[in-house]
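The following exercises ask you to read strand pairing from a model, working from a single residue pair outward to whole sheets. Please have the sequence and the coordinates open before you begin.

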Amino acid sequence: MTDYDGDNVLDILTANQRTDNVTVLRGKGDGTFPAPASPLSMTYAVGSYPTALAVADLKNNGQLNIVTADRFDDAVTVLPGDNTFAEQTTNSAGIIPDAVITEDLDGDGVQDIVVANRGYDQHFITVSVMLGKGD
């Protein structure tokens, strides 16, 4: 849960594996959330079989981006925080990415992306680090 849309009300974000998308359920402010088909919810396409997501301001512009670990693409998808998501980007992550977090690892004031990759048959287990450039 995070205040994704900046209205001071917590929202729920879900990575939907079977439909290859992310849903944002915008909180109503009373502790309840709308149904996914409601006008208060938004759904955005991402890569194949998103297993996890993270939310961070990757551009330092005050808008939150959504990052998904896309298992069947061996990649992460970054959705821009402008609520149009027209210019999403995809970056190679490693074999079977299963988890993703964001953190400023190198202390430069820019969020970085860290992905845990499961690999095939528990072999090739790796961690991918993508240092943010602020763009």
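**Exercise 1.** Which residue in S5 is the bridge partner of Val55?

*Solution.* Bear in mind throughout that the model is predicted. Looking across from Val55 into S5, one finds that its bridge partner is Ile66. Widening the view to the strands themselves, S4 and strand S5, which covers residues 65-70, run antiparallel and are joined by six bridges.

**Exercise 2.** Work out the order of the strands in the open sheet that contains S4, and explain why one side of S4 and of S7 is left without a neighbour.

*Solution.* The open sheet is built from four strands in the order S4-S5-S6-S7, with antiparallel pairing. Strand S4 (50-56) and strand S7 (89-92) each have a single partner strand because they stand at the edges, so one side of each has no neighbour in the sheet. From one strand to the next, the twist averages 20 degrees. As general background, the strands of a sheet pair through backbone hydrogen bonds, in either a parallel or an antiparallel manner.

**Exercise 3.** Describe the open sheet of three strands, and find the residue in S9 that stands opposite Glu103.

*Solution.* This open sheet has the order S8-S9-S10, and its pairing is antiparallel. Its edge strands are strand S8 (97-103) and strand S10 (126-130), each of which pairs on one side only. Direction ignored, neighbouring strands of this sheet are turned against each other by 20 degrees on average. Between S8 and strand S9, residues 112-117, there are six bridges, and the two strands run antiparallel. Following Glu103 across to S9, the residue that stands opposite is Asp112.

Conventions. Residues numbered from 1 in each chain as written. Predicted model: local features only at pLDDT ≥ 70, side-chain atom pairs only at ≥ 80, totals over all residues. Heavy atoms only, no water. Pairing = 2+ DSSP bridges. Axes fitted to C-alpha atoms, helices over the stretch in contact; angles between N-to-C directions.
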